[in-house]
Amino acid sequence: PMKEQILKRLKLLPNLKATIDGVDTDLLDSLADDAIVQAQTDGFSDSSLVLGATYLLAHWCTAVCSESSNVSEQTASVLTVKYFDRAGSDDYLAEYKRLKASLTGNYIAFL
């Protein structure tokens with residue numbers, strides 16, 4: 001049931017629809033199992049486990065399907081510069097790390 005909750009929540013993230021559709025269902029299932037284990041190891045428990053594992057799974061799906069998500073583009077009036085950025089991170093991983101850092105006494109301190 002927990003994995004089902006995580007996958008359901010993952011599919012509600014609007015920016016990930018195309019990404020999730022590109023991930024094989026067996027791989028998605030395996031990554032969900034891994035995300036649960038990793039989130040538990042990192043201190044998430046109970047209801048926070050679903051939240052943490054969802055963001056971690058979103059990051060992994062983005063990493064698996066990414067072709068150019070770490071390429072940034074900067075445009076000036078006469079030229080465009082593209083450069084590699086973010087050191088393999090994304091908003092989902094950043095949120096997971098923020099949630100992990102806020103864990104105290106088995107609950108998450110929301111902003």
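## Salt bridges and the two sides of helix α1

D33 comes out partly exposed, at a relative accessible area of 33% (buried is under 20%, exposed over 50%, partly exposed in between, with a 1.4 Å probe and protein chains only). Keep in mind that this is a predicted model, where local features need pLDDT of at least 70, side-chain atom pairs count only at pLDDT 80 or more, and totals for chains, interfaces and linings use all residues. Residues are numbered from 1 along each chain as its sequence is written, and side-chain values use heavy atoms, with hydrogens and water left out.

So what does D33 pair up with? Its partner is K3, in a salt bridge (a side-chain nitrogen of Lys or Arg within 4 Å of a carboxyl oxygen of Asp or Glu). Because D33 sits in helix α3 and K3 in helix α1, this pair ties together parts that are 30 residues apart in sequence. Helices here are DSSP runs (H or I, at least four residues), numbered from the N terminus.

K3 also meets D29 in a salt bridge. Here too helices α3 (residues 25-41) and α1 (residues 2-12) are joined, since D29 lies in the former and K3 in the latter, 26 residues apart in sequence. Put together, K3, D29 and D33 form a network of salt bridges. As for accessibility, D29 is partly exposed at 32%, and K3 is partly exposed at 22%.

The structure has 5 salt bridges in total; the table shows some of them.

| Pair | Closest N to O |
|---|---|
| D29 and K3 | 2.9 Å |
| D33 and K3 | 2.9 Å |
| R98 and E95 | 2.9 Å |

The R98 and E95 pair stays inside one helix: these residues are 3 apart in α5 (residues 91-102), or about one helical turn. In general, an α-helix has 3.6 residues a turn, so residues three or four places apart point the same way. R98 is partly exposed at 24%, and E95 is too, at 22%.

Back to α1, the helix that holds K3. Which of its residues are buried? They are I6, L7 and L10. These cover an arc of only 95° around the axis, so they fall on the same side of α1 (the arc is taken from the directions from the helix axis to the C-beta atoms). What covers them includes α2 (17-21), α3 and α4 (46-65). Turned away from that buried side is a face carrying the exposed residues E4, K8 and L12.

Methods
Helices (H or I, at least four residues) and strands (E, at least two) are DSSP runs, numbered from the N terminus. Contact means heavy atoms within 4.5 Å.
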